[in-house]
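Reader: I am new to this structure and would like a close look at a single part of it. Could you choose one helix, take me through its surroundings with care, and then show me a few other places for orientation?

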Amino acid sequence: MKPILNIDNITMKFGSLVANENVSFTIHDNEIVSLIGPNGAGKTTLFNCITGFYKPFSGKVTYMDKDITGWTSYDVCKLGITRTFQIVKTLKEMTVEENIMTGAFLHTKKRIESQKIAEEVMELTDLTRKKNIKGGSLTIVDKKRVEIARALATRPKILMLDECMAGLNQTEIKDVMNLCLKLKDSGLSLLIVEHIMEAIMPISDNIVVLNAGKKIAEGPPEEIVDNDEVIKAYLGDKYHAKSKKH
Ligand SMILES: Nc1ncnc2c1ncn2[C@@H]1O[C@H](COP(=O)(O)OP(=O)(O)OP(=O)(O)O)[C@@H](O)[C@H]1O
Ligand SMILES: [Mg+2]
């Protein structure tokens, strides 16, 4: 598999607090990578460093052969890396369709073209029936769907999802898992931050574990669930025991 995004020794500090410390890993073409770890481990900070919301203190982010460290979020998105936000940012006064069109306007100035892209994406994310509902009136699950749909409308090569399954019920989680696999099949790579292990273990090709800003493990899901340091820092014995039973 071809490497497409290289995170190389990223360090990010807030005053004396080191939120990311020399974090390195690679995302390959057509791969689902999950970033896990306890609250405050530095997952969202790393998303912000990759997508231009923060300029890392040191280290390098390379997309294909381009050094994109410190690029603006707009330019990173234009290049093909799009993220969603842990706290959804639905545009309340706009309809679902208009929310999604804002993403499509990244590549076109024509309303009709952006509408066409929004239609495609709404079909994929099961939002077509709700296209005329205002963002502010949506349920949390639909707000999360719109968040993913708007990101997809920018036509990314890498989609980064920050806890897009939190607060969803089992069926809704299953829908998002299927959507992730469908997107992978269509050629995308995904970087997923998630606390729901039952959801990400089955769909991830590779898992990166952060704890207190540092990468403590990386590997396929079956290795990660058996990693003693990961169990101690995050998964806990309960999960370990469960994984052993199967
Ligand atoms: N803008 C900021 N200013 C100061 N400290 C920050 C800032 N953003 C994050 N931090 C701190 O950096 C550390 C990492 O936070 P981050 O939000 O990246 O964690 P996380 O892994 O995403 O956690 P969670 O699972 O709760 O979302 C925390 O100690 C947090 O308080
Ligand atoms: Mg976070």
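Author: What follows begins with one helix, H5, and then turns to a loop residue and to the ligand. The model is a predicted one, and helix H5 covers residues 140–152. With 13 residues at 1.5 Å a residue, H5 should span 18 Å, and because its end C-alpha atoms are 18 Å apart, the expected and the computed lengths agree.

Helix H5 is mostly covered, since 10 of its 13 residues are buried. The buried residues of H5 are Asp142, Lys144, Arg145, Val146, Glu147, Ile148, Ala149, Arg150, Ala151 and Leu152. They pack against two strands, S6 (81–83) and S7 (158–162), and against two helices, H3 and H4 (111–124).

The packing with helix H3 can be followed in further detail. Two packed helices are described by the angle between their axes and the distance between the axes. For H3, which runs over residues 96–104, and H5, the angle is about 35 degrees and the axes are 7 Å apart, while the crossing in which H3 passes H5 is right-handed. On the H3 side the contact is made by Val96, Asn99, Ile100, Thr102 and Gly103, and on the H5 side by Val146, Ala149, Arg150 and Ala151. Sorted by class, the residues of this contact comprise five nonpolar, three polar and one charged. The H5 residues Val146, Ala149, Arg150 and Ala151 are also listed among the buried residues of that helix.

A second place to look is Leu188, which lies in the loop between helix H6 (170–185) and strand S8 (189–193). Leu188 is buried because 21 other C-beta atoms lie within 10 Å, and 20 or more are needed for a residue to count as buried. Leaving aside residues up to four places away in sequence, Leu188 touches Pro156, Lys157, Ile158, Leu159 and Leu183. The C-alpha atoms of Leu188 and Asn30 are separated by 5.2 Å, although these two residues are 158 residues apart along the chain.

Finally, there is the shell around ligand 1, formed by Phe14, Leu17, Ala19, Gly37, Asn39, Gly40, Ala41, Gly42, Lys43, Thr44, Thr45 and Gln86. Strand S2 (17–28) and helix H1 (43–50) are the elements that give two or more residues to this shell, and H1 provides the largest share, three residues. By class, the shell around ligand 1 holds four nonpolar, seven polar and one charged residues.

Conventions: Residues numbered from 1 in each chain as written. Chains lettered and ligands numbered in written order. Predicted model: local features only at pLDDT ≥ 70, side-chain atom pairs only at ≥ 80, totals over all residues. Axes fitted to C-alpha atoms, helices over the stretch in contact; angles between N-to-C directions. Helix = DSSP H or I, 4+ residues; strand = E, 2+ residues; numbered from the N terminus. Left-handed = near helix turned anticlockwise from the far one by under 90°. Contact = placed C-beta atoms within 7 Å. Nonpolar A, V, L, I, M, F, W, Y, C, P; charged D, E, K, R; others polar. Near = placed C-beta within 6 Å. Expected span 1.5 Å × (residues − 1). Buried ≥ 20, exposed ≤ 12 C-beta atoms within 10 Å, placed from the backbone.
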